[in-house]
Amino acid sequence: MQDDWRISDRVAQMKKSAIHEMTRLSKKVEDVAFLSWAKPTSDTPEHIKQGAISSIREGKVGGYSETAGLLELRKEIAKKLKRDNNIDAKVSEIIVTVGAIEGLSAAIMAIIDPGDEVILPSPTYSTHIRQVLIASGKPVLIPLIEDENYIWDIDAVKKAITPRSKAILYCSPSNPTGTVFSENQLRELAEIALKNNLVVITDEAYEYFIFDEACHFSIGSIPDMKRPVICTYTFPQTCALTGWRIGYLHADESLIPQITKAHIPFAICTPVVSQYAALAALKGSQDCVEGFRKHYCDMRNLMCEHLDRLDSVFSYQKPGGSYLMFPKILLPEGQDSLTFCRKLLREAHVSTTPGIAFGPHGEGHLRLSFCVSEEMINKAFHRMEKYF
Ligand SMILES: Cc1ncc(COP(=O)(O)O)c(C=O)c1O
């Protein structure tokens, strides 16, 4: 009997995640310097924990909420979308989801028919590629222009349009490159989408982690794009809530019933205790978000200083956002990034993520996370300086 006995072609075609493989291998290494996971290592802020604890004590969390999420929470989300994203949202245009991930999956399921083509930047967040594959869609990967800090190649997007093109899906700031796509480029993408009747699905998980002169722009704020855009957001990355599994999406009212049809079989609703935690996050002080942003900016600068000292091993583009960067490996053995990362882990005890995990154009690179402590970054780079 083969391993893939009775497994759907949709799932069988997907390769195992190199990210999880590195996490698994890292657990076997004692005192590992860990730069391979894109999740905040900080604890959930106290006022958010208290919001959740009160909701449990008051007996509010034992049943399902409305499928779209608590009305009170959606009202707060609508205020946030206006304040921070310049999007005029009605509560009826919002669905609270199990992380940004479930919102993206539901959106993609609602939009994509088998064989439909979805345009993605490359490299990109590998989960997006898998979500398209699970919907039996066809990912069309458009290489980003690395030398210009991983910007979109707009002409290549135009050339990639076919009668089967259905959607464009991207994250900005980007995982893995940390690029914040500029308003100009996103307006150009919007024009392409409008001209070709495409849906734009965005993942804005890192919207608050923006450095220097970069600005986060939500394509959903363009008035003409109200109908064709589905924007997804999260609380986890912004408020250290990864384990609570909560995010939300905004879409035109006409799309919401269709996306809801996909959301229900995945989730019914988002865990209610997490919805109360998110409510406390939105109603309470936003200082924690600024605190995290400043920390990540400092850690990015520190990582760049270390990389400058290893300039015969890596070249890099300075990320304008997120807490991730994507250096190119200059050594010949870097052409096989998975082997390179495994060896670095085994021999130098530094855990990184191979670039190939983010699509074919990620090969020859590795992803480094700087959502860690200063000590962790110093430890990893002191080991690498010794090793190379
Ligand atoms: C670009 C991007 N989107 C979404 C997520 C996950 O978001 P959530 O935890 O809200 O599902 C991640 C996590 O690494 C990410 O990098």
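# Exercises on a predicted model

Pro-173 sits in the loop between strand 5 and helix 8 (183-196). The model is predicted. The exercises start with that loop.

## Exercise 1. Cis peptide bonds

Task: state which peptide bond leads into Pro-173 in the cis form, and give its omega. Then treat Pro-176 in the loop between strand 5 and helix 8.

Solution.
- Step 1. The bond from Ser-172 to Pro-173 is cis, and its omega is near -10°.
- Step 2. The bond from Asn-175 to Pro-176 is cis, with omega near 20°.
- Step 3. Pro-176 is placed in the loop between strand 5 and helix 8. Pro-173 is placed in the loop between strand 5 and helix 8.
- Step 4. Most peptide bonds are trans, and most residues other than glycine have a negative phi.

## Exercise 2. Positive phi outside glycine

Task: locate Asn-197 and His-349. Give the phi of Asn-197 and of His-349. Decide whether Asn-197 is buried or exposed, and classify His-349 by accessibility.

Solution.
- Step 1. Asn-197 belongs to the loop between helix 8 and strand 6. Its phi is positive, near 60°.
- Step 2. The relative accessible area of Asn-197 is 70%. Exposed means over 50%, so Asn-197 is exposed.
- Step 3. His-349 lies in the loop between helix 13 (337-348) and strand 12 (350-351). Its phi is positive too, about 60°.
- Step 4. His-349 has 33% relative accessibility and therefore counts as partly exposed.

## Exercise 3. Two helices crossing

Task: describe how helix 3 (residues 46-57) and helix 11 (residues 272-283) cross. Say which residues meet.

Solution.
- Step 1. The two axes come within 8 Å and cross at roughly 135°.
- Step 2. Helix 3 and helix 11 are therefore oblique to each other.
- Step 3. The crossing of helix 3 past helix 11 is right-handed.
- Step 4. Helix 3 brings His-47, Ile-48, Gly-51, Ala-52, Ser-55 and Ile-56 to the contact; helix 11 brings Val-273, Tyr-276, Ala-277, Ala-280 and Ala-281.
- Step 5. By type, the contact residues are eight nonpolar, three polar and no charged.

## Exercise 4. Aromatic pairs

Task: classify the ring pairs Trp-152 with Tyr-170 and Phe-209 with Tyr-323. What does each pair tie together?

Solution.
- Step 1. The structure holds 15 aromatic pairs. In one of them, Trp-152 and Tyr-170 are 6.3 Å apart centre to centre, with 85° between the planes. The pair is edge-to-face.
- Step 2. Trp-152 lies in the loop between strand 4 (138-143) and helix 7 (154-160), and Tyr-170 in strand 5 (residues 165-171), so the pair ties together parts 18 residues apart in sequence. Both residues, Trp-152 and Tyr-170, are buried.
- Step 3. The ring centres of Phe-209 and Tyr-323 are 5.9 Å apart and the planes are at 35°, so this pair is tilted.
- Step 4. Phe-209 is in the loop between strand 6 (199-203) and strand 7, and Tyr-323 in the loop between strand 9 (314-315) and strand 10 (324-325), so the pair joins parts 114 residues apart in sequence. Phe-209 and Tyr-323 are both buried.
- Step 5. Phe-209 and Tyr-323 belong to one aromatic cluster with Tyr-206, Phe-292 and Tyr-296.

## Exercise 5. A residue in strand 7

Task: is Thr-234 buried or exposed? Which residues does Thr-234 contact, leaving aside its neighbours within four places in sequence?

Solution.
- Step 1. Thr-234 is in strand 7 (residues 229-234).
- Step 2. Its relative accessible area is 5%, so Thr-234 is buried.
- Step 3. With those neighbours left aside, Thr-234 touches Ala-100, Ala-205, Ile-246 and Gly-247.

Technical notes:
Residues numbered from 1 in each chain as written. Predicted model: local features only at pLDDT ≥ 70, side-chain atom pairs only at ≥ 80, totals over all residues. Heavy atoms only, no water. Axes fitted to C-alpha atoms, helices over the stretch in contact; angles between N-to-C directions. Helix = DSSP H or I, 4+ residues; strand = E, 2+ residues; numbered from the N terminus. Parallel < 35°, antiparallel > 145°, perpendicular 65-115°, else oblique. Left-handed = near helix turned anticlockwise from the far one by under 90°. Contact = heavy atoms within 4.5 Å. Nonpolar A, V, L, I, M, F, W, Y, C, P; charged D, E, K, R; others polar. Buried < 20%, exposed > 50% of the residue type's maximum accessible area, 1.4 Å probe, protein only. Phe/Tyr/Trp six-rings, centres within 6.5 Å; stacked < 30°, edge-to-face > 60°.
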